[in-house]
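Work through the exercises below with the sequence and the model open beside you. Try each task before reading its solution.

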Amino acid sequence: MMATLEHANFTVSDPKVSAAWMQRVFGWKTRWEGPSIAGGYTVHVGSAHTYLALYAPGNPQPSGESSYDIVGGLNHVGVLVDDIDETEKKVVKAGFTPKSHADYEPGKRFYFDDDNGIEFEVISYD
């Protein structure tokens, strides 16, 4: 039996704001939201089978570190889409700037940073 990634949990400045743009860009739904550890708040946003748990503690603080330079850093989140061109339009409309476009096996991709400094890789396999 092969394991399947069910969710990833990371800290953002405002889980509701992050969930809202992810719903507009990726078509995801909020699966659950509510109070969580350390006086924080969490929103689970994604599909019926996978999701991102967006957590904010009571007083979130930006780290200022590059995730690529620290052990355990979240380097990027890869999201598979059916229509990469349409998704890129939605990314721009959400206020983010696509970068590092590439077209190579097994598909096309681009990256963008969200308002928390989290890098997303958008991929489409044609």
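## Exercise 1: Two positive phi angles

At 47% relative accessibility, Ser100 counts as partly exposed. The terms for exposure are set by cut-offs: buried means under 20% relative accessible area, exposed over 50%, and partly exposed in between (1.4 Å probe, protein chains only). The model is predicted, so local features need pLDDT of at least 70 and side-chain atom pairs count only at pLDDT 80 or more, while totals for chains, interfaces and linings use all residues. Residues are numbered from 1 along each chain as its sequence is written, and side-chain values use heavy atoms, with hydrogens and water left out.

Task: Find where Ser100 lies and state its phi.

Solution.
Step 1. Ser100 is part of strand E6. Helices (H or I, at least four residues) and strands (E, at least two) are DSSP runs, numbered from the N terminus.
Step 2. The phi of Ser100 is positive, about 50°, although this residue is not a glycine.

Task: Place Ala38 and decide whether it is buried or exposed.

Solution.
Step 1. Ala38 sits in the loop between E2 and E3.
Step 2. Its phi is near 55°, a positive value in a residue other than glycine.
Step 3. Ala38 is exposed, because its relative accessible area is 65%.

## Exercise 2: Salt bridges

Task: Which residue joins Asp113 and Glu119 into one network?

Solution.
Step 1. Apply the definition: a salt bridge is a side-chain nitrogen of Lys or Arg within 4 Å of a carboxyl oxygen of Asp or Glu. A search of the whole structure gives 4 salt bridges.
Step 2. Lys99 and Asp113 form one of them, with an N to O distance of 3.1 Å. Lys99 lies in strand E6 and Asp113 in strand E7, so this pair ties together parts that are 14 residues apart in sequence.
Step 3. Lys99 also meets Glu119 in a salt bridge, at 3.5 Å from N to O. This pair links distant parts of the chain, with Lys99 in strand E6 and Glu119 in strand E8, 20 residues apart.
Step 4. Salt bridges that share partners join Lys99, Asp113 and Glu119 into one network.
Step 5. Check the exposure of each member. Lys99 is partly exposed, at 30% relative accessible area. Asp113 is partly exposed at 34%, whereas Glu119 counts as buried at 13%.

Task: Describe the salt bridge between Lys16 and Glu33.

Solution.
Step 1. The side chains of Lys16 and Glu33 meet at 3.9 Å, N to O.
Step 2. Lys16 lies in helix H1 and Glu33 in strand E2 (residues 29–36), so the pair ties together parts that are 17 residues apart in sequence.
Step 3. Lys16 is partly exposed at 48% relative accessibility, and Glu33 is partly exposed at 35%.

## Exercise 3: The nonpolar core

Task: How many residues does the largest nonpolar core have, and which element gives the largest share?

Solution.
Step 1. A nonpolar core is a set of buried Ala, Val, Leu, Ile, Met, Phe, Trp, Tyr and Cys residues joined through side-chain atoms within 4.5 Å.
Step 2. The largest such core has 23 residues, and those with the most contacts inside it are Trp21, Met22, Phe26, Leu52, Leu54, Phe112 and Phe120.
Step 3. Two or more residues come from each of several elements, including helix H1 (15–26), strand E4 (51–56), helix H2 (84–93) and strand E8 (119–124).
Step 4. The largest share, 5 residues, is that of H1.
Step 5. In soluble globular proteins, nonpolar side chains tend to be buried together.

## Exercise 4: A loop with a cis bond

Task: Describe Glu105 and the peptide bond that joins it to Pro106.

Solution.
Step 1. Glu105 lies in the loop between strand E6 (99–104) and strand E7 (107–113), and Pro106 is placed in the loop between E6 and E7.
Step 2. The peptide bond joining Glu105 and Pro106 is cis, with omega about 10°.
Step 3. Glu105 is exposed, because its relative accessible area is 70%.

## Exercise 5: Places along the chain

Task: How far apart are the C-alpha atoms of Ser124 and Val79?

Solution.
Step 1. Ser124 belongs to strand E8 and is buried, at 1% relative accessibility.
Step 2. The C-alpha atoms of Ser124 and Val79 are separated by 8.6 Å, and the two residues are 45 residues apart along the chain.
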